[in-house]
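Visitor: I have just opened this structure and do not know where to begin. Could you walk me through it?

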Amino acid sequence: MPTWRGTVNSLWSNASNWLTDASGSGVPTATTNATFDASSPNCTVDTAAPVCASIDFTGYTATITMNNTTNLLVGSTTTTATCNVILSSGMTIAGTGGLATRQIATTNINTNGKTWPNVFWVGSTGAVTSTVNIQSNITVSSHFYIGSSNSRSIFFSGAFNISVGGNFGVFFTGSNTSGAYPLNNAPASAPKIILAGTGTWSTSGLFNNRGLTFGLNLEINTTGTITIADNCAFAFRLAFIS
């Protein structure tokens with residue numbers, strides 16, 4: 001898998017900056033992982049639309065500057081292999097570029113207590129139900145979105161919270177006649193989304209000719225204003241914290 005070493009300069013797009021082995025070479029692709037470790041220096045994501053199969057910052061203590069103009073896509077549209085997004089508590093995240101998962105089957109997310117400052121999407125692709133395993137509390141100080149390109153169900157697991165400082169959106173496109181809801185009706189032990197900033201809660205998409213409904217636990221806990229838009233529908237636990 002490509003491991004970041006910054007041998008020539010700090011640019012993600014330079015293949016010579018990545019240490020390679022038999023499982024992958026050069027700049028990460030949709031089928032190779034991007035790995036950062038304790039020996040990895042600063043990195044600037046200069047590619048407009050970067051992609052990798054998984055991204056792992058375990059042990060990373062340097063700075064990654066997100067200068068990408070579209071989201072860093074993590075995951076594959078062609079394989080059901082597990083996709084991982086692992087942050088490091090000691091890393092620094094600069095720049096404004098976002099990150100989006102797009103795995104067909106299973107995605108694991110572990111922030112290790114690190115706040116993600118930019119846009120964060122959790123998505124799926126393909127004509128199968130996908131699973132997102134939340135392995136730590138997630139804090140996104142910008143916008144957090146959930147979406148599926150085929151209106152397929154996304155099931156969340158893990159008794160952790162997702163705290164959102166900006167907009168929160170749920171977006172589905174395509175059609176689904178399987179009778180399953182786009183998001184699971186979550187038990188109390190499932191992840192809870194906390195709207196903790198000032199933003200807009202919105203949904204978009206049609207499901208069996210009716211408005212999109214999602215069923216994760218939701219908490220509104222802010223001293224600011226949350227704007228509810230687009231005929232939002234909600235199917236499970238909603239709490240208002242004053």
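Guide: We shall start with the overall make-up and then turn to individual residues. Please keep in mind that this is a predicted model.

Visitor: Understood. How many helices and strands are there in the protein?

Guide: The secondary structure consists of 28 strands and 0 helices.

Visitor: And what share of the residues is buried?

Guide: Of the 242 residues in the protein, 47% are buried. As for the outside, the accessible surface comes to about 9,900 Å², and carbon and sulfur atoms account for 51% of that surface.

Visitor: What about contacts between residues at least 24 apart?

Guide: Taking the contacts between residues at least 6 apart in sequence, 61% of them join residues at least 24 apart.

Visitor: Which residues have the most contacts inside the largest nonpolar core?

Guide: They are Phe36, Ile55, Ile64, Phe144, Phe168 and Ile193, in a core of 46 residues. Strand E19, which covers residues 168–172, supplies the largest share of this core, with 3 residues.

Visitor: Let us look at aromatic residues. How many aromatic pairs does the structure hold?

Guide: The structure holds 12 aromatic pairs. One of them joins Trp4 and Trp18: the ring centres are 5.0 Å apart and the planes stand at 70°, so this pair is edge-to-face.

Visitor: Which parts does that pair tie together?

Guide: Trp4 belongs to strand E1 and Trp18 to strand E2 (residues 18–19), so the pair ties together parts that are 14 residues apart in sequence. The C-alpha atoms of Trp4 and Trp18 are separated by 4.8 Å.

Visitor: Are these two buried or exposed?

Guide: Both Trp4 and Trp18 are buried. For Trp4, the relative accessible area is 0%.

Visitor: What does Trp4 touch, leaving out residues up to four places away in sequence?

Guide: Its contacts include Asn9, Leu11, Trp12, Trp18, Phe36 and Cys43. Pro41 is also among them, and the side chain of Trp4 reaches the backbone oxygen of Pro41 at 3.2 Å.

Visitor: Which residues form an aromatic cluster with Trp4?

Guide: Trp4 shares one aromatic cluster with Trp12, Trp18, Phe36, Phe57 and Tyr60. Phe36 also appears among the residues with the most contacts inside the largest nonpolar core.

Visitor: How are the rings of Trp116 and Phe120 arranged?

Guide: Their centres lie 6.3 Å apart and their planes are at 85°, so Trp116 and Phe120 form an edge-to-face pair. Trp116 counts as buried at 2% relative accessibility, and Phe120 counts as buried at 1%.

Visitor: Changing topic, how many disulfides does the structure hold?

Guide: The structure holds 0 disulfides.

Visitor: Why is there no bond between Cys52 and Cys83?

Guide: The closest cysteine sulfur to that of Cys52 is in Cys83, at 7.6 Å, which is too far for a bond. A disulfide would need the two sulfur atoms within 2.5 Å. Cys52 is buried, with a relative accessible area of 0%, and Cys83 is buried with a value of 0% as well.

Visitor: Which residues is Ser54 in contact with, its neighbours in sequence aside?

Guide: Beyond its neighbours within four places in sequence, Ser54 is in contact with Thr32, Asn33, Ala34, Val74, Thr82, Cys83 and Asn84. A polar atom of the Ser54 side chain lies 2.8 Å from the backbone nitrogen of Asn84.

Visitor: Where does Ser54 lie?

Guide: Ser54 lies in the loop between strand E5 (51–52) and strand E6 (55–56). At 7% relative accessibility, Ser54 counts as buried.

Visitor: You named Ala34 there. Where is Ala34 found?

Guide: Ala34 is found in strand E3, residues 34–35, and is buried, with a relative accessible area of 0%. Apart from residues up to four places away in sequence, Ala34 touches Ser54, Cys52 and Trp18, among others.

Visitor: One last item. What is phi of Asn112?

Guide: Phi of Asn112 is near 50°, a positive value in a residue other than glycine. Most residues other than glycine have a negative phi. Asn112 sits in the loop between strand E12 (106–110) and strand E13 (120–124), and counts as partly exposed at 38% relative accessibility.

Conventions: Residues are numbered from 1 along each chain as its sequence is written. This is a predicted model: local features need pLDDT of at least 70, side-chain atom pairs count only at pLDDT 80 or more; totals for chains, interfaces and linings use all residues. Side-chain values use heavy atoms; hydrogens and water are left out. Buried means under 20% relative accessible area, exposed over 50%, partly exposed in between (1.4 Å probe, protein chains only). Contact means heavy atoms within 4.5 Å. A polar contact is a pair of N or O atoms within 3.5 Å; within protein, one must be able to donate a hydrogen and the other to accept it, and residues adjacent in sequence count only if both atoms are side-chain atoms. Helices (H or I, at least four residues) and strands (E, at least two) are DSSP runs, numbered from the N terminus. Accessible areas come from the Shrake-Rupley method with a 1.4 Å probe; for residues, only the protein chains shown count as cover. Rings of Phe, Tyr and Trp (its six-membered ring) pair if their centres lie within 6.5 Å; planes under 30 degrees apart count as stacked, over 60 as edge-to-face and the rest as tilted. A nonpolar core is a set of buried Ala, Val, Leu, Ile, Met, Phe, Trp, Tyr and Cys residues joined through side-chain atoms within 4.5 Å.
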